[in-house]
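Me: I have a model open and would like to learn how to read its strands and loops. Could you walk me through it?

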Amino acid sequence: MLIPRQRIKIALRLWMPVLMLRIVVAHTPIQGSICPHAIIILPNSGGTEVLVCYEDEGVFIDTYGRITKDTVLQWGEMPASVAYLQSNQVMGWGEKAIELRSANTGNLEGVFMHKKAQKLKFLCERNDKVFFASVQSGGSSQIYFMTLGQNSLFSW
């Protein structure tokens, strides 16, 4: 889904059991388009704080659209998929690398370079493992997992 690039104020409203996203567009247009990746409801926030990931960055906002942290996640390349991990880290899967960033500071904590460019999508996290899949044309995929170890280091 592509949204015309304009100054965007994002406001979330909780309605019944459904989380609704309302995008309010300001009057100052910016050329291009925005590619959203994920809206992640942060644990331990009671559903009132989310991480909104788009293009090559992510911001933390509350249900009123106000920025809650000065931290902006800035990816090295535009990720195809983003996930918030139980370790309070955010992982982004790009075509050339997988980046692991601190959710508190946005600092890069680890990077894994691919041998060849490919699109990878987050599947799930279980215990200390993160599962993801390659997205290939023709309908075939391959499932991978990484083991998250001590000190935020991960292994293939």
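Reply: Gladly! Two strands pair if DSSP finds at least two bridges between them. Keep in mind that this is a predicted model. In it, Leu-85 stands opposite Gln-89 in strand 8.

Me: Over how many bridges do strand 7 and strand 8 pair, and in which sense?

Reply: Strand 7 and strand 8, the latter covering residues 89-93, share five bridges in the antiparallel sense. They belong to an open sheet of four strands, ordered 7-8-9-10 with antiparallel pairing. Its edge strands, each pairing on one side only, are strand 7 (81-85) and strand 10 (108-113). On average, neighbouring strands of this sheet are turned by 15° against each other, direction ignored.

Me: Next, the loops. Which residue in the loop between strand 7 and strand 8 should I look at?

Reply: Start with the general idea: most residues other than glycine have a negative phi. Asn-88 sits in that loop, and its phi is a positive value near 65°. Asn-44, in the loop between strand 3 (36-41) and strand 4 (49-54), also has a positive phi near 65°.

Me: Is Asn-44 buried or exposed?

Reply: Exposed means over 50% relative accessible area, and buried means under 20%. Asn-44 has 85%, so it is exposed. Asn-88, at 23%, counts as partly exposed.

Me: And what about Ser-134?

Reply: Ser-134 lies in strand 12 (residues 129-135). Its relative accessible area is 1%, so Ser-134 is buried. Leaving aside residues up to four places away in sequence, its contacts include Gln-118, Leu-120, Ser-141 and Tyr-144.

Definitions and conventions:
Residues numbered from 1 in each chain as written. Predicted model: local features only at pLDDT ≥ 70, side-chain atom pairs only at ≥ 80, totals over all residues. Heavy atoms only, no water. Helix = DSSP H or I, 4+ residues; strand = E, 2+ residues; numbered from the N terminus. Axes fitted to C-alpha atoms, helices over the stretch in contact; angles between N-to-C directions. Buried < 20%, exposed > 50% of the residue type's maximum accessible area, 1.4 Å probe, protein only. Contact = heavy atoms within 4.5 Å.
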